[in-house]
Amino acid sequence: MEINYQETSKDLLVRIDIHEKYGARNIDKWNIEVLDPKPGYKILDVGCGAGKQCFLYSDHTNGRATITGGDFSEELLDKARAKQAERSDKNINFQFLDFNKPFAFADNTFDFVSSAFAIYYAADLQFTFSEAHRVTKPGGRLFVTGPLPENKKMFYDIITEATGKAIPPMPGSSRFKGDIFNTISGIFAKTELLTFENPLTFPEVAPFIDYVRASLSEDRKLWTSMFNGKDEYEQMIGKIEKVAQKWFDRDDKLVMTKVVGGILATK
Ligand SMILES: C[S@@+](CC[C@H](N)C(=O)[O-])C[C@H]1O[C@@H](n2cnc3c(N)ncnc32)[C@H](O)[C@@H]1O
């Protein structure tokens, strides 16, 4: 069963916008501090979506790094290309890439490979991270970011209180520190786990509900045990809104902390 009355690329952009508006810290800044891309670098971003990280690397190197953004969503690649055309970056190539299939690049190509909130959904972690390792230059780096189990606790607590139902397991966060870290450290020479915390303070309930809608529909395959069809989905959102309002009236604000892990590995 699918909720197909909201489209994924719109939801991704809604969430990015909400992080930028209400977050205290900027994840892009953290990304740049960790990776520090230099002019002349060759960079691959896996699961690039609408190109957020690719544009960030391009800006940081004044357009002098060669950047490839790969994603299996043609819709998101089109969004990325449209933005590229507006900005006129010549150094970025957005192309189809399915991280469950062999990567179409020669061995030892990239100074670093990054993947933000994407690659942890890989079906066979050993295969996907071996591909990432193969295309990374010796001494090059892999940087994979994703949610840690403590991520967005308030969001899950409100949904649990509103629905009385258990939150379905979120493979992204439950796998991150365990299977994913272990797989990467088994393949790369050196691996470390970094953490980034970003409290989002909502000054009213409405933007929080926008965030809830944009999250539940993005991860729609994970949430289907909570509702059946559009009417039940809307009823559930109504219940979530009531509980969020109750929390807001009690605390005068809603604070949801994103807790992001970054696995940094060196070949
Ligand atoms: C949450 S989005 C993150 C996008 C982008 N990195 C960002 O931070 O804005 C997850 C991305 O992973 C992509 N994705 C999911 N499965 C994929 C696969 N098998 N191969 C390539 N990309 C995939 C989705 O299309 C989506 O663009």
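I started with the ground rule for strands: two strands pair if DSSP finds at least two bridges between them. Helices (H or I, at least four residues) and strands (E, at least two) are DSSP runs, numbered from the N terminus.

**Entry 1, the model.** I am working on a predicted model, where local features need pLDDT of at least 70, side-chain atom pairs count only at pLDDT 80 or more, and totals for chains, interfaces and linings use all residues. Residues are numbered from 1 along each chain as its sequence is written.

**Entry 2, the antiparallel pairs.** I looked up strand β6 (residues 190-202) and found that β6 pairs with β7 in the antiparallel sense over 13 bridges. Within that pair, Phe196 has Val260 of β7 as its bridge partner. Strand β7 (residues 254-266) also pairs with strand β5 (residues 136-147), again antiparallel, over 7 bridges. Here I noted Arg141 opposite Thr266 in β7.

**Entry 3, the parallel pairs.** Next I followed β5 to strand β4 (residues 110-116): the two pair in the parallel sense over 6 bridges. Ser114 has its bridge partner in β5, namely Phe143. I then turned to strand β2 (residues 66-71) and strand β3 (residues 92-96), which are parallel over 5 bridges. Thr68 is matched there with Asn93 of β3.

**Entry 4, the whole sheet.** In what order do the strands of the open sheet run? I read β3-β2-β1-β4-β5-β7-β6, which is 7 strands with mixed pairing. β3 and β6 stand at the edges with a single partner strand each, so one side of each has no neighbour in the sheet. Direction ignored, neighbouring strands are turned by 15° against each other on average. For angles, axes are lines fitted to C-alpha atoms, for helices over the stretch in contact, and angles run from 0 to 180 degrees between N-to-C directions.

**Entry 5, a helix on the sheet.** Helix α4 packs on the sheet and touches β2 and β3, and its direction makes about 165° with that of β3. Contact here means that the C-beta atoms of two residues, placed from the backbone, lie within 7 Å. I also saw that β2, α4 (residues 74-87) and β3 make a right-handed β-α-β unit; right-handed means that, with the strands pointing away from the viewer, the path from the first strand over the helix to the second runs clockwise.

**Entry 6, α6 and α10.** Helix α6 (residues 153-163) packs on helix α10 (residues 229-251) at about 115°, with the axes 8 Å apart. The crossing of α6 past α10 is right-handed, that is, the near helix is turned clockwise from the far one by less than a right angle, and anticlockwise would be left-handed. Residues of the contact include Ile158 and Ile159 of α6, and Met236 and Trp247 of α10. By class I have 8 nonpolar, 1 polar and 3 charged residues. Ala, Val, Leu, Ile, Met, Phe, Trp, Tyr, Cys and Pro count as nonpolar, Asp, Glu, Lys and Arg as charged, and the others, Gly among them, as polar.

**Entry 7, α2 and α3.** My last lookup was helix α2 (residues 27-35) with helix α3 (residues 52-60), which pack at about 60° with axes 11 Å apart. Asp28, Asn31 and Ile32 of α2 meet Gln53, Leu56 and His60 of α3.
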